[in-house]
Amino acid sequence: MSAEAADREAVTGSRPSTPPQTSWFEFLLDPSLLEQHLQKSNPDPSPVQLVIQFLEQASKPSVNEQNLVQPPVDNRRNRTLKLLALKVAAHVRWDLDVLEKGLTIPVLNMLLNELLCVSKVPPGVKHVDLDLSTLPPTTAMAVLIYNRWAIRTIVLSSFPEKQAKPGPHQLNMINLVQQEKELTENILTVLKEQASDSIMVLEGALNIKKDFYIHTLHTLDLLAAGPSTANGETESSTAGLRISADELHCQVHYDLGGIYFQQGCSDPSAYEKAQEHFCKTRELLTKLSSDPLHCHLDEKRLAGYWSACRALTGSSDPSDSQLTPYGLINNLIKTQNYQGLIDAFIKDNVMHSLPNNFRHSVQLELLHRVQQGDRALEEVCHKLCLCNAVHDALEGQVLSVRFQQLLLKPSKHTISFLLEVCTKSLDKEHTSETSRRKMALFLKNLCERLEEVPLAYMVSSHKLFMELLTDEEKKTLLDQMRKRSATVNLSAKPLPSFYDIPASASVNIGQLEQQLILSLDARQIRQILIELHGMAERSFWRVNSKWEVPSDYINVILAIKDNLTRDLVYILMAKGLHCVNIKDFVHGRQLFTACLELVTEFSPKLRQVMLNEMLLLEVRAHEAGAAEGNTERPPPDLVSRVRGYLEMRIHDIPLRQVVGEECVAFMLNWRENEYLTLQVPTALVNNNPYIKLGQLLAATCKELPGPKESRRTAKELWEAVVQICSVSSQHKRASDGRVSLIKQRDSSLGILPRSKFITFVKKLREPLVLTTLISLFVRLHSIVRVDIVNEVTAEHLSIWPSSLANIQSVDVEAVAVTVKELVTYALTLNPNNQSWLITQADIYFVTNQYSAAMHYYLQAGTVCSDYFTKPVPPDVYTDQVLKRMIKCCSVLNCHTQVAVLCQFLREVDYMTAFKALQEQTSHDSMDSFYQYIWDVTILEYLTHIHHKRGEIEKRQVAIKAIGQTELNSSNPEEVLQLAAQKRKKKFLQAMAKLYF
């Protein structure tokens, strides 16, 4: 599309014409329309959307004369709508994958119950009591489809599901969403209660060897025609779409396998039943055609189920090695065939069939067994580590830390095995040049890393080394090794007798203390402390001055009588806190878990302290992930623990305010406004300023945008913030007898000091909360800064008071600094928020920083117009914003820019434009901006003024600009608007280049 066409589209708002969507009632009026619609390649609305529309209309409650809501009427219209929904489902061949993906549980439940009804399933009789073999084919199939859906729904409901949080514009939908959620839970409860019956029905169907038939559009049309004409044909053995017994049995086996696998969590024997059904599924799948009518399986999921069942049941099968590499590796581990495992890893270095993370997880599993005491596996772990290192090198991955540790003191056997793995990991016939080069770099780096020269010579003399490295690389490496060899010989033990002196106890203690400082392994820390306490009777928690525990906890820890336990608790907590501060949450979690296990045995108070610190760790870990772009909501367990902390009423537990502070920030960031507003205990609100502040923020945000009544909660927040920004004053008599007023800035009158308030605010990320605070401070700033004439703009300013009773007590400088800090911080989180950008620009404007103001005004325009390729919305570039941009350009002596911007106003400001163009000196490009002027009056004035001044060249530029045909006043309005739009876009892009 050309630029002109794009501009034309932007001006006129036109878009390519699309055929109108067919409305649901049109299918009622024309019975033949549905089949025609469904035959389209991409029908709009889609089949599942049609089902939703038909059932929604059919289930709408009615209102009687007394204005009371009544259940849906059973009339011809509603029956036809339900039948239409069934016909759509018949069109997709009752494919539950399609229906489950597009329909909610309540809608699909309604659809399938209607299927049971029209299929004449005997009402009031349990499905398990029916003999399917004696029922009409379509009736039996309806029962099977319903019960298949029942167990599939139970399985799907057990998977974790991310709940969508309604935004501010969706708050009126919360009740509907809640009703649907409750209805879904009720249906699931019934399905779970009847799960055993559904399983029995489906298992009974596996004994029926004849073909099955399902309803089609034709059979449903016969039902609509009336019972007298339909009964004979629809109940015959060949009515409907024929589904072979093998195809149905394959699908039923798969669904039964899924429900048994889900039940295996509580009943391990169910895994064996699941395995049997999946085995049958695989057998039957080979008999079916490539495109079966009714059987739709996810073969990858089936393979995953099969592998999982085999791993969980521990069964073996000769064909296992032909299924998946995972099954082979699992069998090798279970049978303790570790040599086979190593061989498989070496073979995979060539095949690359196992993912990196899986290979490393196998190594970690065996390493865990070694740590549990199985020392026989230590060598196996070393060999797997070497295999993984070669694999990582060939994949171009970073080599693991454990491999680097192995190279610190390797044995000759280790290097020999490593070279063997390298040799076997290259397929001589099919290896690419890239893989050969990566292996060469690996061997080269290995040579350079080995400190023992004999081992380095062992690598450099290997056949593979000689083949892969170039002559120049080999020569350079050998020269380096000769130099290292000479250095080692010169410095080899100059004072042999010194090494024979036995180490003293103080040297051993010093070495142990150094290990204690460096270690992050809780078991190792405990072992070191045991050894230290066996060597000296003193406290070791003071070994490192950097180990800091909050003062709230010091007395509780030092009250522990046992010296070893006291040292261990203190050090574990101090190291864990340090890890949390540097965002090493993995080690922090391990250290806190070990400390929690330790204190649980003897101190309920310290146990609660550790639970609180672990909660803080999890909150910070989740917030750190969110700061890096992870938008996943926190798990319900974490939200529940945060609520539990905020509601905790244990009096003798030492509490750190930072835990409450971060919990409140966490709840605000994830929009738990309902909880903060209504459910936090009053006593806690009064005792913890952060909870009080959080409650006020939540209450204000919850009612935005709201009626005038919402100003009550906003006023409470306003008063709290004003107090935070106020300072106490006292009178002091000077030596000459005069009394002066002294403001004490360090003495805050608010619920918390301003510095702590700013720290708390910088833990918030939720845009609505930040917008509310920015709005509040902008209003406060405009009231207290009496020296500023122009006001800063922001959203929701109307909810705040317009005056302040005790304005003298407010620290004006503190308000000014806070509003700047707040907006700057908000823009670091989202630099594309146009409201915040306009506010930042206004702040610079009212403080006479015009160049910076222009930068942010233009940036606000770019983010909402794709760098001015689209028109800037009029609610962003309002007349006030444009006039401020004009003022900025005028002060900066960019007078031609002023004239161009005057055209952007709703009514062109000719007086300002003419006055600007009269200026003799301008710091902008002057006539180079004439191409952006589309107002003919301004161009005529330019021609006149340049003629008057005798500026021939500039006059020619203006004449050229005015002579363009698209600016002819006789043109249609659309052409004139298009010309203006094109010049606006190019001018703003040119301005952006100047100010960005």
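# A walk through a predicted, mostly helical listing

Let's start in a loop: Arg-671 lies between helix α35 (657-669) and helix α36 (673-678). Keep in mind that what you are looking at is a predicted model. Arg-671 has a positive phi of about 55 degrees although it is not a glycine. What makes that worth a second look? Most residues other than glycine have a negative phi. As for its surroundings, Arg-671 counts as partly exposed because its relative accessible area is 26%, which falls between the 20% limit for buried and the 50% limit for exposed.

Which other residue shows a positive phi in this way? Tyr-867 does, with phi near 55 degrees, and it is also a residue other than glycine. You'll find Tyr-867 in the loop between α44 (850-863) and α45 (879-891). With 35% relative accessibility, Tyr-867 counts as partly exposed.

Now zoom out to the whole chain. How many helices and strands does the protein chain have? Its secondary structure comes to 50 helices and six strands. The chain has 996 residues, and buried ones make up 45% of them. The protein chain exposes about 52600 Å², with carbon and sulfur atoms supplying 52% of that area. If you look at contacts between residues at least 6 apart in sequence, 68% of them join residues at least 24 apart.

How confident is the predictor in all this? The protein chain averages a pLDDT of 80, and 85% of the residues score at least 70. Among the elements of the chain, helix α32 (residues 585-600) has the highest mean pLDDT, at 93, while helix α27 (residues 496-499) has the lowest, at 31. Some stretches call for care when you read the picture. Over residues 6-17, pLDDT stays under 50, and the model has 15 contacts for them beyond four places in sequence. Residues 730-747 also stay under 50, with 29 contacts beyond four places in sequence.

Next, pick out helix α34 (residues 636-646). Which of its residues are buried? They are Leu-638, Val-639, Val-642, Tyr-645 and Leu-646. These buried residues are on the same side of α34, because they cover an arc of only 120 degrees around the axis. Turn to the other side of α34 and you meet Pro-636 and Asp-637, which are exposed. The spacing along a helix helps to make sense of such a pattern: an α-helix has 3.6 residues a turn, so residues three or four places apart point the same way.

Another helix to visit is α23 (residues 433-449), where Cys-447 lies. Is Cys-447 buried or exposed? At 1% relative accessibility, Cys-447 counts as buried. Cys-447 and Leu-478 are 31 residues apart in sequence, and their C-alpha atoms are 9.6 Å apart in space. Compare that with Glu-467, which is found in helix α25 (residues 463-468). Glu-467 counts as partly exposed, at 42% relative accessibility. The C-alpha atoms of Glu-467 and Ala-440 are separated by 8.8 Å, with their positions 27 residues apart along the chain.

Back to the loops for a moment. Ser-809 has its place in the loop between α41 (767-784) and α42 (812-829). Sitting in a loop doesn't stop Ser-809 from being buried, with a relative accessible area of 12%. Which residues does Ser-809 touch, leaving aside its neighbours within four places in sequence? Ser-809 is in contact with Cys-725, Ser-726 and Val-727.

Asp-927 belongs to another loop, the one between α47 (910-917) and α48 (936-949). At 24% relative accessibility, Asp-927 counts as partly exposed. Leaving aside its neighbours within four places in sequence, Asp-927 is in contact with Lys-954 and Val-957. Asp-927 and Ala-958 are 31 residues apart along the chain, and their C-alpha atoms are separated by 7.6 Å.

Finally, have a look at the aromatic rings. A pair of them is described by the distance of the centres and the angle of the planes. Counting rings whose centres lie within 6.5 Å gives 21 aromatic pairs. Ring pairs link Tyr-254, Phe-261, Tyr-271, Phe-278 and Tyr-305 into a cluster. Rings can have charged company too. The charged end of Lys-383 sits over the ring of Phe-417, 5.1 Å from the ring's centre. Likewise, the charged end of Lys-984 sits over the ring of Phe-904, 5.4 Å from its centre.

Notes. Residues are numbered from 1 along each chain as its sequence is written. This is a predicted model: local features need pLDDT of at least 70, side-chain atom pairs count only at pLDDT 80 or more; totals for chains, interfaces and linings use all residues. Side-chain values use heavy atoms; hydrogens and water are left out. Rings of Phe, Tyr and Trp (its six-membered ring) pair if their centres lie within 6.5 Å; planes under 30 degrees apart count as stacked, over 60 as edge-to-face and the rest as tilted. A charge sits over a ring if NZ of Lys or CZ of Arg is within 6 Å of the ring centre and within 35 degrees of the ring normal. Buried means under 20% relative accessible area, exposed over 50%, partly exposed in between (1.4 Å probe, protein chains only). Helices (H or I, at least four residues) and strands (E, at least two) are DSSP runs, numbered from the N terminus. The arc is that of the directions from the helix axis to the C-beta atoms. Contact means heavy atoms within 4.5 Å. Accessible areas come from the Shrake-Rupley method with a 1.4 Å probe; for residues, only the protein chains shown count as cover. pLDDT is the predictor's confidence in each residue, from 0 to 100.
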